[in-house]
Each structure stands twice: as structure tokens, then as C-alpha cells.
Amino acid sequence: MNRKRLFALAAILLMIGIAVPFAIGWALAAPVQISVGKAPLDLGAETVEFKSDSGAFVKGWWCSTVNSRGVVLLLPGIRANRLSMVDRARFLRRSDYSILLIDFQATGETKGDHITFGWKESRDALATVDFIHHVDPSARIAIIGSSLGGVATLLATPPLKVDALVLEAVYPTIEIATRNRMENYLGAFGRMLTPLLLGQLQLRLGISASQLRPIDHIADVDCPVFIMSGAKDRNTRAADTRMLFELARSPKQLWFVPNAGHVDLHRAAREKYERRVLAFLAQMAQSG
């Protein structure tokens, strides 16, 4: 191969190396605004809206239950909205919990400029817990946070005033989360491109990787915590989940859902998931 062809090949590879992370960064951070429609009738929900320090007016469904055992706040994963948590809401409502489902900023019906991988979303989590305290000051509150929902829960500052916490497939740091995903899709080449993707955080979102480290906040959780992940999850790997678990305070539980990847863990193991989550939440209800 002559020198001109070598230079041309090098230029093409350089362009790919820049273009791929840029395209991935744009796609991941782009808003996902959709109309979620009316709440399913069996939830008995009313539509609510409240202001968040993220700059958004958070939209959600409030499902109040007579003689409630407590309130469970359902926080969806990245690029998802409250519809992804409806099946969880159903089994929790059947067990006499009141439910609040929301759309984070920049998703569903809650407006926003960019998804921020937990940073602005943590302000939405704070606003949502404040809303529950306002509606029912005496309620015991639990959170089920899936992926981004769990990240937002841990990044919230000051720490959320809740009584139980379920974290599903939560990354320990944005560096680890990004590296895992880039390796999954592009192998060793993806690992090399990881810094280029992380470098867009400041450019696009005005935040740094050091601000997206749930592992630095897990020890601040002063309520019982149930940490779970898919046993075959390649995005949030077993070692990542154990890192969070080891730093969490007791009482704490850990569960790797058999044969599940980075998926809806309720859907992956519906019966066992419901049994284990309800047993965990029962401790909160009994302590009220």
C-alpha cells in the first residue's frame, strides 16, 4: 500500500473515531418527548404536574389507595417514561400501596433540552419526593429506580428522605457505564473511543464525569436498600453492582436476576421479583 493510500486510510479512521462517539453522544442525550396517553383505568390515577429545579414541570400519574401501606415512587430508566413502570404499579397497587409514576425531564410528557444521565433527573427525584410529602406528610415512601431512575435517586442532593430504596441495574460511575457500552458494541476499539464520548458531557450538558458517580453517594442512603441487576447484564456488570452493594449501609439485600441482561427485571422474573420486592417493602410498612 503506497503512502497516499495509508494517509487516506488514516484520515478515514480518524473521522470514524470522531464521528462515532459524537453520533452516540447525540443519540443518548437527545430528548424523547412523546404523548403517553391516558392512564390505564385499573390504576385509578389522576394526572399531576409539579415544578422541578431541573427547570421542568414534571408530569406524572398519582395513584392513591385507601388505607395505603405507603407510597412507592417509580422512576424509569434512560429514554423511558412512566409507561415502562405500569406493570410494577399494578402489582404494587394490588398490594395496597399508593403509587406515583413520573416522566423525567426530556422524556415522555416532561419537557427538557437533554437527557443528562442522572444529573438534572436527580432534581426531578427531589421534587417528586417533596410532592409526596406535600400530598401525604405522614406517608412512608419507597422508591424503585430502574437504571437512570436509580442513578437519579442516588445523585439527589440533599439525600432523599425516603424509607426504602430498590435500585435496579444502576451504574457506579459514568466512566464504567460508558466503557462497558462502548466495549459491548465496538470491542477494544470502543474502549479506546470512550474518552471521546465522555468528553462530550461538558460540551453538550455542562457537567463533568465526576458529577455522575452514584458510588460516591450510596453510603449516604440511611434506609434499607435492595440492589439488583441482571446476572447476564453486560451494561451494568456483576462487579459494578457489587461495588455499590459493598459500600451501601445495612440493612441491605443483593439479587442477581438469573438469565437477565440489562432489561426490565420485573418482566424478566415477574413472580420472583414481585415476591421479593413485596417482602422488602413489607418491612417498611410494618415499621410505620
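This report describes strand β3 and its pairing partners in a predicted protein model.

Local features are reported at pLDDT of at least 70 and side-chain atom pairs at pLDDT 80 or more, while totals for chains, interfaces and linings use all residues. Residues are numbered from 1 along each chain as its sequence is written, and side-chain values use heavy atoms, without hydrogens and water.

The protein contains nine helices and ten strands; helices (H or I, at least four residues) and strands (E, at least two) are DSSP runs numbered from the N terminus. Of its 288 residues, 50% are buried, where buried means under 20% relative accessible area with a 1.4 Å probe, protein chains only. The accessible surface, computed by the Shrake-Rupley method with a 1.4 Å probe, comes to about 13,600 Å², and carbon and sulfur atoms hold 57% of that surface. Among contacts (heavy atoms within 4.5 Å) with a separation of 6 or more, 72% involve residues 24 or more positions apart.

Strand β3 spans residues 57–63 and is mostly covered, with five of its seven residues buried. The strand pairs with β2 and with β5, as tabulated below; two strands pair if DSSP finds at least two bridges between them.

| Pair | Partner strand | Sense | Bridges | Bridge partners |
|---|---|---|---|---|
| β2 and β3 | β2, residues 46–51 | antiparallel | six bridges | V48 and G60 |
| β3 and β5 | β5, residues 98–103 | antiparallel | five bridges | G60 and I102 |

G60 thus appears in both rows, as the partner of V48 in β2 and of I102 in β5. The hairpin of β2 and β3 has five residues between the strands, and G55 takes a positive phi near 100° there.
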